[in-house]
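Thank you all for coming; I would like to walk through one model this morning, going from helices to open spaces and then to charged pairs. Please have the sequence and the structure in view as I talk.

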Amino acid sequence: TGVYSPVADYEYLVGAAAWQMSAEAHALMMQAFNIAKENVDEMAAAADAAKDQTGYYWQMANGGKQLMYQGKRVAVVSDIDDTLVDGVHYTANILGRNGEWTNKSFADFVMSDGCTALPGAVEFINHCVENGIEVYYVTNRYDQGSSVSEVVGKTFYDISMESMERLGFPTDDKTSPNYSASVHLLVNDNKINGSSKEGIRQIIATGGTWATGERVAESKAYPEKLQLNSHHIAMVVGDDLNDISQIFSAEDVDAVSRVELAIENMDKWGAEWIVLPNAVYGSSVNYATAYGITDLFRYFDYTNKTTDAWDIY
């Protein structure tokens, strides 16, 4: 009586979800997208000033300008949930009614009015497209076990496409008076491709064929395979460091060494790597749990300077 959720295991999630709904968290989101938009402006300015094709430059195609870098289309790769779309509402709803995380409940959320864009997200993606940048939405929304289409009549690809369009995100070829760019949605079906997005990022970077997943036959729009050309990935956007780079999920990495890696790559944050705040779920929670919460606290104990933690900083 008097608690938000009667399930003890949910207790930490309540505080995390409340923080993610805070003004501070929303400020971090807008800060991330403001910085990312400035990066786009800098790339466009470099293309405006270009005298050759050794850096950023413009290419005319499909009735407009496309941003290029050393012979490759410039691309931005972004996660969706809690990166472009606010998923904490879904978590709060599950906690509030003592529910369960299921394909059906998540599909219902994505199709509902409670699924909203994060502040600044729509503007950022449109800013990319309006400056001739290719955009790839890469999501781990997938059918685990029974198919979503069996219970809601649509696959996660089709549901996601409709949701992104409703929220104002561009979802396919978009041509403005001056620019031409395409937007692509890739659903990383864990049943085939695993939870890592590194394979997708590599295909986008080097070009090749990407198998879209085992539920493709049920989709009304998703092709079985996608043939991609090579791209210069200028920015990767995500709320989990596994969205950013495979170095954060290597076999020998733990909760502490991930912090070391984050600091070692200081120059990439806000430049080619854009991260959104997420205290609710994901690798940060998984790695802390695997390391041992009390062990992690003990390692970073500021009263004990004999630990190796002090060398990190």
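Let me start with helix α2, which has 27 residues and, at 1.5 Å a residue, should span 39 Å; its end C-alpha atoms are 39 Å apart, so the expected and the computed span agree. Please keep in mind throughout that this is a predicted model. Along α2, the buried residues are Ala 25, Met 29, Ala 32, Phe 33, Ala 36, Asn 39, Val 40, Met 43, Ala 44 and Ala 47. It helps to recall here that an α-helix has 3.6 residues a turn, so residues three or four places apart point the same way.

Helix α4 is the next one I would like you to find. Six of its eight residues are buried, and therefore α4 is largely enclosed by the rest of the structure. The buried residues in α4 are Asn 103, Ser 105, Phe 106, Ala 107, Phe 109 and Val 110. What, then, covers these buried residues of α4? The cover includes strand β4 together with the helices α3, α6 (148-152) and α7 (156-167).

Now to the pockets. The largest pocket has a volume of about 1100 Å³, and of the 35 residues that line it, Asp 81, Asn 140, Tyr 142, Tyr 281 and Gly 282 are the closest to its centre. Two or more lining residues come from each of α1 (11-20), α3 (88-96), α4 (103-110), α10 (241-244) and α12 (283-291), so α4, which I have just described as largely enclosed, appears again here in the lining of the largest pocket. Which element gives the most to this lining? That is α12, with three residues. By class, the lining of the largest pocket has 10 nonpolar, 16 polar and nine charged residues.

The second largest pocket has a volume of about 690 Å³, and 27 residues line it, with Asp 239, Leu 241, Val 275, Leu 276 and Ser 284 the closest to its centre. At least two lining residues are supplied by each of α2 (23-49), α11 (255-264), β13 (273-275) and α12, which brings us back to the helix I began with. The lining of the second largest pocket divides into 18 nonpolar, six polar and three charged residues.

Let me turn to the salt bridges, of which a search of the whole structure finds eight. In one of them, the side chains of Arg 73 and Glu 134 meet with N and O 3.1 Å apart. Because Arg 73 lies in strand β3 (residues 72-78) and Glu 134 in strand β6 (residues 134-139), this pair ties together parts that are 61 residues apart in sequence. Arg 73 counts as buried, at 13% relative accessibility, and Glu 134 is buried too, with a relative accessible area of 6%.

In another salt bridge, the side chains of Lys 197 and Asp 79 meet at 2.8 Å, N to O. Why does this pair tie together parts that are 118 residues apart in sequence? The reason is that Lys 197 lies in the loop between α8 (190-193) and α9 (198-206), whereas Asp 79 lies in the loop between β3 and β4 (85-86). Lys 197 counts as buried at 6% relative accessibility, and Asp 79 counts as buried at 8%.

A third pair to look at is Arg 201 with Glu 198, whose closest N and O atoms are 2.7 Å apart. These two residues are three apart in helix α9, so they are separated by about one helical turn. Arg 201 is buried, with a relative accessible area of 6%, and Glu 198 counts as buried at 12%. Salt bridges that share partners also join Asp 79, Lys 197 and Asp 243 into one network.

I will finish with the cavities, since several of these charged residues come up there again. The whole structure holds two cavities of 30 Å³ or more, and the second largest encloses about 40 Å³ of space. Its lining consists of Val 77, Ser 78, Asp 79, Val 138, Lys 197, Arg 201, Val 236, Val 237 and Asp 243, with β3 and β12 (231-238) the elements that give two or more residues. By class, that lining has four nonpolar, one polar and four charged residues, and the three residues of the salt-bridge network, Asp 79, Lys 197 and Asp 243, are among those that line this cavity.

Notes: Residues are numbered from 1 along each chain as its sequence is written. This is a predicted model: local features need pLDDT of at least 70, side-chain atom pairs count only at pLDDT 80 or more; totals for chains, interfaces and linings use all residues. Side-chain values use heavy atoms; hydrogens and water are left out. On a 1 Å grid over the protein atoms alone, a cavity is a set of points where a 1.4 Å probe fits but cannot get out, and a pocket is an open set with protein on both sides within 12 Å along at least five of seven lines; lining residues have an atom within 4 Å of a point. Grid points are joined across faces, edges and corners, and a volume is the space filled by probe spheres set on the points. Helices (H or I, at least four residues) and strands (E, at least two) are DSSP runs, numbered from the N terminus. Ala, Val, Leu, Ile, Met, Phe, Trp, Tyr, Cys and Pro count as nonpolar, Asp, Glu, Lys and Arg as charged, and the others, Gly among them, as polar. A salt bridge is a side-chain nitrogen of Lys or Arg within 4 Å of a carboxyl oxygen of Asp or Glu. Buried means under 20% relative accessible area, exposed over 50%, partly exposed in between (1.4 Å probe, protein chains only). Contact means heavy atoms within 4.5 Å. The expected span of a helix is 1.5 Å times one less than its number of residues.
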